Structures are given as structure tokens and as C-alpha cells.
Amino acid sequence: MKQTALFTVALAGWLAVVGTVASCGDDDEEDRKTTDTGTGDDTDTENQDTATTDTTEGTDSEVEVPQCKSEGFAPLVETARVSTIFGVEYLGFSSDSMPYDQLVVRMKMVEMRYPEAGTYALEGADLSTCTNCVIAGKSCSNDGCEKLYVGTFGDIVAQSVGPYKKAMKGILSGVIMEEVEQDPNTGVTSVKPGGDVWCLDNFEYDATVLSFADGTCPRPGINCVGETVPDFTMTSCDSGQDVSMAELTQDKKAVLYVLVTGWCYYCTEWMPEVVPYAEALLESGL
């Protein structure tokens with residue numbers, strides 16, 4: 001069979017971070033000012049103690065830290081990459097074959113500028129809103145991971161975040177990752193009740209930042225540019241039958257695969273641009 005060039009485009013949409021602001025007892029304080037009629041010091045002291053107690057109890061409930069069930073990570077394969085979609089990512093893999101555990105440290109680029117060195121607090125369990133994230137998976141393969149984790153506590157202490165061909169280096173300080181569930185329609189992730197807790201305190205990462213254009217594919221079991229892609233089947237929208245990609249592409253010079261998700265807003269916006277691009281190349285053998 002003659003060789004066929006394969007081009008794959010993968011897109012996913014991640015939204016801006018959403019902040020949470022908590023207020024501590026302002027309404028209660030106004031009520032106390034309205035109802036207090038005494039003028040003695042005892043009344044003022046009592047009100048002060050009440051306000052302090054309310055704030056402390058609220059703080060305790062907000063910082064309840066889950067207990068670790070597993071700790072540490074020992075990567076066998078490490079790399080880093082930059083893209084316009086995900087920003088700058090460190091990727092670590094526990095094995096060079098499947099199944100494997102994986103760790104991702106993701107930092108968002110703003111207006112194509114690399115993040116500065118510094119300390120970045122983790123932003124919660126929702127991957128669709130976090131901009132600086134720690135993500136992990138256990139027992140992963142081409143079909144996904146048996147367990148998915150997102151860092152909900154701790155900091156990314158970034159020592160350097162690129163640029164391209166330079167190091168992405170830092171430390172995960174007090175990072176606690178909780179097992180999450182993901183909505184297949186929206187991509188939103190939330191903490192799984194009773195799920196696993198994986199802790200990574202003082203984990204050091206260090207890898208050279210490359211790009212997708214470099215043909216890097218560190219994930220075990222993934223084909224790189226220049227390697228042979230094994231045959232696979234896809235369902236035809238016209239017939240509903242499974243079609244061999246090897247048979248479909250055997251008389252083509254090149255094939256373009258566009259892989260998107262239904263919930264990705266940016267993918268929907270971009271698709272109308274793909275169609276005329278593909279049609280313009282039909283005469284060239286696409």
C-alpha cells in the first residue's frame with residue numbers, strides 16, 4: 001500500500017477562570033447595630049465575640065482538606081509543550097507503555113505571552129474554568145483513564161514557563177488532587193463523592209517546551225509524525241456502516257481528520273472555515 005500523509009487537528013474549548021467571593025456576616029452586623037440599645041462595654045464585647053466566632057466557623061468549613069489516599073509520582077517519560085489551545089503544559093508518564101499514570105501541569109497563556117515565574121494557587125475542580133491546573137490520571141490508555149484527578153488545593157510554584165525550546169520548571173507545593181467526574185456534554189468536572197485523593201507535595205517538574213509542530217507525541221501508544229498509523233474504522237454518516245480508514249485512504253495523497261467535541265464552542269465557530277479549505281484541496285488529491 002502506498003504511503004498516505006495524515007494530518008490531525010484536535011480542538012477543545014476552555015473558558016476563563018471564575019472567581020468566588022465570600023462575605024462574612026455583613027448583614028448580621030447591620031442587624032446587631034439596629035437592635036442594640038445598651039450603651040455599656042459588656043454589650044459591645046458580646047457583639048465583637050459573636051462576629052469573631054461566626055468568621056472562624058465559616059473559615060473552618062471552607063478549608064476542610066481531604067485526606068490523602070495515595071501520594072507521590074515517579075515519571076519515566078517527561079516532556080512539555082505549548083499550544084494556542086491549552087497554553088504551556090508539562091506532561092509526565094509513569095511508563096512508556098500502556099497502561100500508565102500521567103500528570104499534567106497546565107498554565108494558560110494570555111495574548112500569546114508566556115506566564116511569568118511565580119506562585120499560582122489552584123482554582124478548583126472544574127477543568128472548564130481553571131487557567132492554571134494540575135491534572136492527573138491513573139491506569140490510562142488510548143481509551144482514557146480509569147480515574148481522573150484535578151488539583152483542588154495547593155500551589156504551582158513556577159520557576160520558569162518556557163519560552164519555546166526553553167525549560168518549563170517548578171514545584172507543586174502542597175498539591176492535593178481529588179478524583180473528579182466529567183460531564184460528557186459540557187466538559188465540566190466536579191469532585192466525585194467518596195472518590196480517591198492523590199497528594200503531590202514538593203513534586204519537581206522540569207522539561208523542555210516543544211510544540212505540536214515538532215511532531216512530539218510523548219504519550220505511550222500514540223503515533224508520531226513519520227510513523228505508520230494502524231488501521232481503524234469509523235462510522236459513515238451516510239450509510240451507518242463501519243468503514244476501514246485504510247481502504248478509504250488507499251487512493252488518496254493526503255487525508256485530513258478534524259477531531260472535535262460537541263460541547264466545544266470554538267470548534268463550532270471554526271468548522272465553517274474548514275469546509276472550503278478542504279474543498280479547495282480536493283483537486284490536489286485530499
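Strand β5 (residues 100-107) has 7 of its 8 residues buried, so the strand is largely enclosed by the rest of the structure. "Buried" stands for under 20% relative accessible area, "exposed" for over 50%, and "partly exposed" for what falls in between, using a 1.4 Å probe and protein chains only. Strands are DSSP runs of E with at least two residues, helices are runs of H or I with at least four, and both are numbered from the N terminus.

A quick word on the source: this is a predicted model, where local features need pLDDT of at least 70 and side-chain atom pairs count only at pLDDT 80 or more, while totals for chains, interfaces and linings use all residues. Residues are numbered from 1 along each chain as its sequence is written, and side-chain values use heavy atoms, with hydrogens and water left out.

## The partners of β5

Which strands pair with β5 in the antiparallel sense? One is strand β4 (residues 87-93), over 6 bridges, and another is strand β7 (residues 132-141), over 7 bridges. Two strands count as paired if DSSP finds at least two bridges between them. On the β4 side, leucine 91 stands opposite valine 104 in β5. On the β7 side, leucine 103 of β5 stands opposite alanine 136. In a regular strand, side chains alternate between the two faces of the sheet.

β4 and β5 also form a hairpin, with 6 residues between them. Proline 99 sits in that loop between β4 and β5, and a cis peptide bond joins it to methionine 98.

Further along, valine 175 is found in strand β9 and counts as buried at 1% relative accessibility. Valine 175 and valine 134 are 41 residues apart in sequence, yet their C-alpha atoms are 8.3 Å apart in space.

## Backbone oddities

Most residues other than glycine have a negative phi, and most peptide bonds are trans. Here are some spots that go the other way:

| Spot | Feature | Angle |
|---|---|---|
| Methionine 98 and proline 99 | cis peptide bond | omega about -5 degrees |
| Glycine 162 and proline 163 | cis peptide bond | omega about 10 degrees |
| Methionine 112 | positive phi, not a glycine | phi about 65 degrees |
| Asparagine 202 | positive phi, not a glycine | phi about 65 degrees |

Where do these residues sit? Proline 163 is in the loop between β8 and β9 (167-182). Methionine 112 is in the loop between β5 and β6 (118-121), and it is exposed, with a relative accessible area of 56%. Asparagine 202 belongs to the loop between β11 and β12 (203-211); asparagine 202 is exposed too, at 52% relative accessible area.

## Rings around tryptophan 198

A pair of aromatic rings is described by the distance of the centres and the angle of the planes. Rings of Phe, Tyr and Trp (its six-membered ring) pair if their centres lie within 6.5 Å; planes under 30 degrees apart are called stacked, over 60 edge-to-face, and the rest tilted.

The structure holds 7 aromatic pairs. One of them is phenylalanine 73 with tryptophan 198, which is edge-to-face at 6.1 Å centre to centre and 65 degrees between the planes. Phenylalanine 73 lies in the loop between β2 (70-71) and β3 (77-83), and tryptophan 198 in strand β11 (residues 197-200), so to speak a link between distant parts of the chain, 125 residues apart. Phenylalanine 73 and tryptophan 198 are both buried.

What angle do the planes of tyrosine 149 and tryptophan 198 make? They stand at 80 degrees with centres 5.2 Å apart, so this pair is edge-to-face. Tyrosine 149 is in strand β8 (residues 144-161) and tryptophan 198 in β11, so the pair ties together parts 49 residues apart in sequence. Tyrosine 149 is buried, as is tryptophan 198.

Ring pairs link Phe73, Tyr90, Tyr149, Trp198, Phe203 and Tyr205 into a cluster. On top of that, the charged end of lysine 138 sits over the ring of tryptophan 198, 4.7 Å from its centre. For a charge to sit over a ring, NZ of Lys or CZ of Arg must be within 6 Å of the ring centre and within 35 degrees of the ring normal.
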